[in-house]
Amino acid sequence: MNGAVIRELINSAARQAARVINFCEGALSGYAKPQIGSPDRWRDFDWDRQEAELRSIAEVCRQLRIFAVVGAAHRLSGGYPPHNSLYVFADDGRLLTRYDKRYLSNSELGGWYTPGVQPITFEVDGHRFGCAVCIECQFPEVFAEYERLGVDAVLFSSYGIPPHFQIALQAHAGLNCLWIAAATPAQKAHKGVGGMIGPDGQWINRCSQSLEPSLAIATLDRADPAYEVPLQKARPWRARARQGEIYREKMVNDLRSLNRSRY
């Protein structure tokens, strides 16, 4: 398991005054298909060790006063496959919430994982966060839902961020006027590195392409003049546009024009 590396990166983020750190899909447990080998191997997985690692990570969060979002499998009873989850630890060491990946890939449904059922949100210093995992970046409704829930930033965790994922993430950020923090393992950085996208759809900061773990630090500031248009104008206006009233009050029933158009 990657517990030691995760704790080291939490320490590094805290030294840089970060308040939230986001890790990749399966950061602690490993991601099923590449690391676990077979769905049957979940029966042999060392769940007790993972629980001990999660408690150790929670204690580091408490000591350093930082929030952490950690990818790991979540065991279910009754012999069901685990959830593909993100554990959210608060800066007092509590397990604040857990996000379970809802949109699984076709292969993941073949005994690897059990889908989750709902979005989650949590707040840090007045900013609201949501979570998404991997292939969920191909489902626009995930990010539109978080926009309706008043989320400022989506923490996106994946086992690889290939070019079409990067394009989709930039589009979701720009269309919904929110920040997206994308995390991927170092061994997949050659396909696309992690980083932060602003509510204008542009990358703010990105991690290294090296095989060594790295961080991309960014600040969420709703008052930043660079984001006046997406945050102060576009986002509230689009919310009104989706309700439709601004269009209904301008509609015209012009029957004479309709009659003239008939041939």
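Long-range contacts carry much of the picture in this predicted model: among contacts with a separation of 6 or more, 62% join residues 24 or more positions apart. The secondary structure that these contacts tie together consists of eight helices and 10 strands. Taken along the principal axes, the C-alpha atoms fit a box of roughly 75 × 40 × 35 Å. Of the 263 residues in the protein, 48% are buried. The accessible surface adds up to about 13500 Å², and carbon and sulfur atoms supply 50% of that. As for charge, the protein has 31 positive and 28 negative charges, and the mean positions of the two sets sit 5 Å apart.

Helix H5 is a good place to look at packing in detail. This helix runs over residues 163–176, so to speak a stretch of 14 residues, and spans 20 Å from its first C-alpha to its last, close to the 20 Å expected at 1.5 Å a residue. Its buried residues are Phe165, Gln166, Ala168, Leu169, His172, Ala173 and Asn176. These residues take up an arc of only 165° around the axis, so they end up on the same side of H5. Pro163, Ile167 and Leu175, on the other side of the helix, are exposed. What do the buried residues of H5 pack against? Their partners are both helices and strands: helix H4 (140–148) and helix H6 (228–243), along with strand E7 (153–157), strand E8 (179–183), strand E9 (195–197) and strand E10 (203–206).

Asn176 belongs to helix H5 and deserves a closer look. With a relative accessibility of 7%, Asn176 falls under the 20% cut-off and therefore counts as buried. Neighbours within four places in sequence aside, Asn176 touches Phe143, Ala144 and Glu147, and also three arginines, namely Arg235, Arg238 and Arg242.

Just past the helix comes Cys177, with a positive phi near 55°. Cys177 is not a glycine, yet its phi is positive all the same. This cysteine sits in the loop between H5 and E8. Is Cys177 buried or exposed? Its relative accessible area is just 1%, so Cys177 is buried.

Helix H4, one of the elements that the buried residues of H5 pack against, has a buried set of its own: Val142, Phe143, Tyr146 and Glu147. Those residues span an arc of only 135° around the axis, and so they share the same side of H4. Two of the names come up again from the H5 end, since Phe143 and Glu147 are in the list of Asn176 contacts. After H4 comes Gly150, whose phi is positive too, near 80°.

Ahead of H4 there is another cysteine with a positive phi. Cys134 lies in the loop between strand E6 (127–133) and H4, and its phi is near 50°, a positive value in a residue other than glycine. Cys134 has a relative accessible area of 11%, so this residue too is buried.

Two further loop residues round out the picture. Pro82 is placed in the loop between strand E2 (67–74) and strand E3 (83–89). Why does Pro82 count as buried? Its relative accessibility is 3%, and buried means under 20%. Beyond its neighbours within four places in sequence, Pro82 contacts a group that includes the tryptophans Trp42, Trp47 and Trp112. Ala73, His74, Arg75, Leu76, Tyr113 and Thr114 are also among the contacts of Pro82. Leu155, by contrast, is 73 residues along the chain from Pro82, with 21 Å between the two C-alpha atoms.

The other loop residue, Ala18, is found between helix H1 (3–15) and strand E1 (20–22). Its relative accessibility of 15% is still low enough for Ala18 to count as buried. With neighbours within four places in sequence left out, the contacts of Ala18 are Ala13, Ile66 and Ile217. Tyr87 lies 69 residues from Ala18 in sequence, and their C-alpha atoms are 18 Å apart in space.

Methods: Residues are numbered from 1 along each chain as its sequence is written. This is a predicted model: local features need pLDDT of at least 70, side-chain atom pairs count only at pLDDT 80 or more; totals for chains, interfaces and linings use all residues. Side-chain values use heavy atoms; hydrogens and water are left out. Helices (H or I, at least four residues) and strands (E, at least two) are DSSP runs, numbered from the N terminus. Buried means under 20% relative accessible area, exposed over 50%, partly exposed in between (1.4 Å probe, protein chains only). Contact means heavy atoms within 4.5 Å. Accessible areas come from the Shrake-Rupley method with a 1.4 Å probe; for residues, only the protein chains shown count as cover. Lys and Arg count as positive and Asp and Glu as negative; His and the chain ends are not counted. The place of a charge is taken as NZ of Lys, CZ of Arg, CG of Asp or CD of Glu. The expected span of a helix is 1.5 Å times one less than its number of residues. The arc is that of the directions from the helix axis to the C-beta atoms.
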